[in-house]
Amino acid sequence: MSLTYTETGATLADGELPPGYAHLDRRVRLGSGQQCLERAGAAVLAWRAQRGAGLSVTPGEDVREGADVVLRLLVLRIPCRVVRVVREPDRIGFAYGTLAGHPECGEEAFLVTREPDGSVWFRIRAFSRPGRWYTRLAGPLARVVQLAVTRRYLRALLP
């Protein structure tokens with residue numbers, strides 16, 4: 001199965017997200033220091049944001065680059081592929097992209113970063129457009145749902 005978009009890795013790059021999609025960029029401060037970075041980074045790589053937002057993740061193993069996963073929320077089946085895993089001194093996380101059957105078309109990144117002042121942040125960055133008939137039909141309501149789930153992701157990592 002192939003990804004439903006071509007701009008692979010764009011959520012992890014600096015600069016603008018690809019045109020032709022709705023963009024999302026939210027973050028929350030988690031604390032400061034190396035321990036905070038490592039603890040939050042391990043949580044992100046163990047799918048804690050998704051699980052904390054009420055989604056199930058199959059298979060349940062830690063994030064692995066190239067792995068296909070299926071997230072579930074109520075009756076929605078949400079197939080994704082982990083396109084990049086980031087393990088850098090000041091940045092830990094991953095991005096996944098949409099596969100056929102996903103309600104949206106695009107990519108989402110989940111990153112824990114440590115800024116030069118030592119503060120640690122959890123950031124979610126995404127670009128998407130409707131990928132199924134029901135998300136096109138839902139119009140702005142689909143965006144409201146996406147923003148609500150994003151808030152739940154962010155809260156899931158707060159200490």
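These are my notebook entries on pockets, aromatic contacts, cysteines and backbone oddities in a predicted model.

**Entry 1: the largest pocket**

I began with the empty space. Rolling a probe the size of a water molecule over the atoms shows where such space is left. The largest pocket comes out at about 480 Å³. I counted 28 residues in its lining, and H102, P103, E104, V145 and Q146 are the ones that lie nearest the centre.

Next I looked up which elements give two or more residues to that lining. They are the strands β3 (68-73), β4 (76-88), β5 (91-98), β6 (104-114) and β7 (119-130), plus the helices α3 (133-138) and α4 (140-156). Which element gives the most? That is α4, with seven residues.

I also sorted the lining of the largest pocket by class. I got 17 nonpolar residues, eight polar ones and three charged ones.

**Entry 2: the second largest pocket**

The second largest pocket holds about 170 Å³ of space. Its lining is short enough to write down in full: T11, L12, A13, D14, G15, R27, R91, L111, T113, E115, R123 and R125. I find at least two of these lining residues in β6 and at least two in β7.

How does this lining divide by class? I have six charged residues, three polar and three nonpolar.

**Entry 3: rings around W47**

I then went through the aromatic rings and found nine aromatic pairs in the structure. I followed the ones that involve W47.

W47 pairs edge-to-face with F94, at 5.1 Å centre to centre and with 65° between the planes. W47 lies in the loop between α1 (34-45) and α2 (48-52), while F94 is in strand β5, so this pair ties together parts that are 47 residues apart in sequence. Are these two residues buried or exposed? W47 has a relative accessible area of 1%, so I put it down as buried. F94 is at 0%, so it counts as buried too.

W47 also pairs with Y96, and here the rings are stacked, 6.2 Å centre to centre with 20° between the planes. This second pair again links distant parts of the chain, with W47 in the α1–α2 loop and Y96 in strand β5, 49 residues apart. Y96 is buried, as W47 is.

Putting the rings together, I noted one aromatic cluster made of W47, F94, Y96, F110 and Y153.

**Entry 4: charges over rings**

I checked for charged ends over ring faces and wrote down two cases. R27, which I already had in the lining of the second largest pocket, has its charged end over the ring of W121, 3.7 Å from the ring centre. The other case is R129, which lies over the face of Y21 at 4.1 Å from the ring centre.

**Entry 5: cysteines**

How many disulfides are there? My search of the whole structure gave zero. I looked at C105 in particular: the nearest cysteine sulfur belongs to C80 and is 12 Å away. A disulfide needs the two sulfur atoms within 2.5 Å, so I left C105 unpaired.

I looked up burial for two of the cysteines as well. C105 has a relative accessible area of 9%, so it is buried. C36 is at 6%, so I list it as buried too.

**Entry 6: backbone oddities**

Last, I went over the backbone. Most residues other than glycine have a negative phi, and most peptide bonds are trans, so I wanted the exceptions.

Where is the cis peptide bond? It joins T58 and P59, with omega about -5°. P59 itself sits in the loop between β2 (56-58) and β3.

For phi, I noted two residues. W47 turned up again: its phi is near 70°, a positive value in a residue that is not glycine. I had already placed W47 in the loop between α1 and α2. L74 has a positive phi as well, about 55°, and is not a glycine either. L74 belongs to the loop between β3 and β4.

Do these two sit buried or exposed? W47 is buried at 1%, whereas L74 has 81% relative accessibility and counts as exposed.

Conventions: Residues numbered from 1 in each chain as written. Predicted model: local features only at pLDDT ≥ 70, side-chain atom pairs only at ≥ 80, totals over all residues. Heavy atoms only, no water. 1 Å grid on protein atoms, 1.4 Å probe; cavity = no way out; pocket = protein on both sides within 12 Å on 5 of 7 lines; lining within 4 Å. Points joined across faces, edges and corners; volume = space filled by probe spheres on them. Helix = DSSP H or I, 4+ residues; strand = E, 2+ residues; numbered from the N terminus. Nonpolar A, V, L, I, M, F, W, Y, C, P; charged D, E, K, R; others polar. Phe/Tyr/Trp six-rings, centres within 6.5 Å; stacked < 30°, edge-to-face > 60°. Buried < 20%, exposed > 50% of the residue type's maximum accessible area, 1.4 Å probe, protein only. Lys NZ or Arg CZ within 6 Å of the ring centre and 35° of its normal.
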